[in-house]
Amino acid sequence: MHFATFYQVFLPLFSAFCYNDVMKKNDLIELTIDDLGTDGQGIGHAEGLAVFVGGALPGETVRAKVIALKKNYAVGKLDEVLAPSPMRACPPCRVFGKCGGCTLQHLSYAAQLQFKQSHVQGCIQRIGKLEIPVNFPLPARHEYRYRNKAAFPVRQNGGQVDIGFYAAHSHRIVDVDDCKIEPSGLKIVMSQLRVWIVKNGVPVYDEATHTGLLRHIVLRENKAGEIMLVLCINGEDIPNRSHLIMLFEFVLPQVKSIILNCNTRQTNAILGGRSICIYGKDHLFETLGGLEFKIGPQTFLQVNSSQTEALYNTLFRMLALTPADTVLDLYCGAGTISLAAARRAKRVVGIEIVEEAVEDARFNAKLNGIETAEFFAGDTAALLPAVLGREAVTAVIADPPRKGLDESVVRTLASSGVPKIGYVSCNPSTLARDLALFTELGYRADVVQPVDMFPQTTHVECVTVLSRTCA
Ligand code: SAH
């Protein structure tokens with residue numbers, strides 16, 4: 001064996017194995033951070049091992065305490081930033097670093113966007129083995145206070161009730177009184193709720209024993225500032241309804257709807273099947289791109305309303321829909337994309353697996369006077385061949401969940417020869433995988449456009465359009 005090969009192959013392995021003797025748990029080490037991991041942790045290298053340090057940023061020199069030592073990597077707890085990055089920002093949230101929600105508040109917004117661009121580019125190259133350029137992400141209009149929905153788990157913690165978010169990779173709750181990415185109107189709703197819980201000794205749910213009542217609090221706020229409050233309970237009713245209603249009726253008129261959602265199953269799912277409206281209406285309305293949508297407790301809606309409009313506009317611009325197009329909208333939810341597309345095309349057919357969402361989509365079509373959209377409930381993979389056989393589809397839109405498209409869906413679409421496919425993805429890894437298969441089957445994407453729907457987090461939405469390379 002050539003000496004250089006021996007040196008390149010065996011020495012790093014050797015040093016990795018020996019490293020446990022050099023670096024020990026609880027050691028304080030100094031290192032330079034050169035990258036950000038997918039969860040937003042800083043990554044540096046020491047003695048041939050990658051060291052993940054939450055809260056550290058590329059370009060920084062930090063001191064970290066080694067808290068886990070594995071064969072191929074180590075985890076460090078940030079002790080001190082010795083030389084800060086010019087991209088470092090001051091996180092406004094009191095529980096930053098404890099709550100598992102926003103992991104990028106310590107990074108300037110411009111640098112967050114750069115990180116997302118290079119993360120998407122990395123997935124396209126590494127997973128898809130493709131050289132598709134990735135544009136700079138479309139920035140969000142609001143860096144904070146952008147969400148229209150919050151779901152807070154509730155747990156007893158000794159003498160106090162914790163309402164907040166899970167710590168990273170855990171079911172331990174970090175109590176949060178003001179989440180900076182939620183609308184500020186929700187803060188006062190939460191403080192009223194705490195009054196009702198304490199005054200009435202509301203029993204709080206215990207995951208381990210499946211006892212207690214109040215499991216989650218879900219809040220939704222539309223652009224007009226109207227609020228829906230959903231109490232997810234392990235039971236059928238709550239103590240002292242009238243006190244709860246009084247706390248909102250006279251003090252917070254923006255709360256238009258209070259709903260009990262009964263979830264008595266032992267499950268991680270937040271919402272159960274049955275909802276009882278105990279105050280006001282059982283729904284709100286939201287306006288997106290000039291269309292009205294009915295929002296119930298179960299309705300899926302993108303969580304960043306103003307950026308959803310930017311996302312859809314980007315999709316339609318890239319897809320260049322015309323009044324001659326027949327559009328198939330896969331994974332259509334409550335029909336938000338479908339109905340916006342219907343205003344630009346001749347006809348739209350939507351497919352969605354959740355029956356209630358399909359009912360919402362049909363309701364929303366009527367609400368907006370749209371007669372050229374039709375919706376079907378079922379699994380995309382199962383319904384797709386028949387729909388493609390029946391309709392002269394000229395454009396497809398696919399907005400699948402994080403796991404991306406089933407291989408059979410990609411193959412069916414490709415063999416149908418549909419001229420253009422707009423792909424909206426919330427997971428760059430599965431997007432890259434699916435683009436690779438489309439490319440193999442005779443389609444090409446010229447560019448990927450990330451759209452930042454989730455500032456302060458590592459999540460990123462992407463839009464791309466595939467067109468056929470052969471006739
Ligand atoms: N396009 C919508 C919703 C996208 S979220 C919007 O922009 O609001 C993804 C949707 O895919 C969810 O509504 C989910 O219920 C649906 N879904 C998940 N698996 C599915 C499947 N196998 N077939 C059809 N729809 C599915």
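A polar contact is a pair of N or O atoms within 3.5 Å. Keep that cut-off in mind for the ligand in this predicted model.

**The ligand and its polar contacts**

Asp379 meets the cut-off: an N or O atom in its side chain is 2.7 Å from a nitrogen atom of the ligand. Glu352 and Asp399 also place polar side-chain atoms by the ligand, as the table shows.

| Residue | Ligand atom | Distance |
|---|---|---|
| Glu352 | oxygen | 2.7 Å |
| Asp379 | nitrogen | 2.7 Å |
| Asp399 | nitrogen | 2.9 Å |

How much of the ligand does the protein bury? Taken alone, the ligand exposes 580 Å², and the protein buries 87% of that.

**The shell around the ligand**

There are 16 residues around the ligand. Tyr312, Glu352, Asp379, Thr380 and Asp399 come nearest. What kinds of residue make up this shell? It divides into 8 nonpolar, 5 polar and 3 charged residues.

**A look at Ala361**

Now turn to one residue in a helix. Ala361 is found in helix H7, which covers residues 355–367. Is Ala361 buried or exposed? Buried means under 20% relative accessible area. Ala361 has 0% relative accessibility, so it counts as buried.

Which residues does Ala361 touch, leaving out those up to four places away in sequence? They are Gly333, Ala334, Gly335, Leu339 and Phe375.

Leu271 gives a second view of where Ala361 sits. The two residues are 90 residues apart in sequence. In space, they are 20 Å apart, C-alpha to C-alpha.

Methods. Residues numbered from 1 in each chain as written. Predicted model: local features only at pLDDT ≥ 70, side-chain atom pairs only at ≥ 80, totals over all residues. Heavy atoms only, no water. Helix = DSSP H or I, 4+ residues; strand = E, 2+ residues; numbered from the N terminus. Buried < 20%, exposed > 50% of the residue type's maximum accessible area, 1.4 Å probe, protein only. Contact = heavy atoms within 4.5 Å. Near = heavy atom within 4 Å. Polar contact = N/O pair within 3.5 Å; in protein donor to acceptor, adjacent residues only side chain to side chain. Areas by Shrake-Rupley, 256 points an atom, 1.4 Å probe, with all protein chains shown as cover. Nonpolar A, V, L, I, M, F, W, Y, C, P; charged D, E, K, R; others polar.
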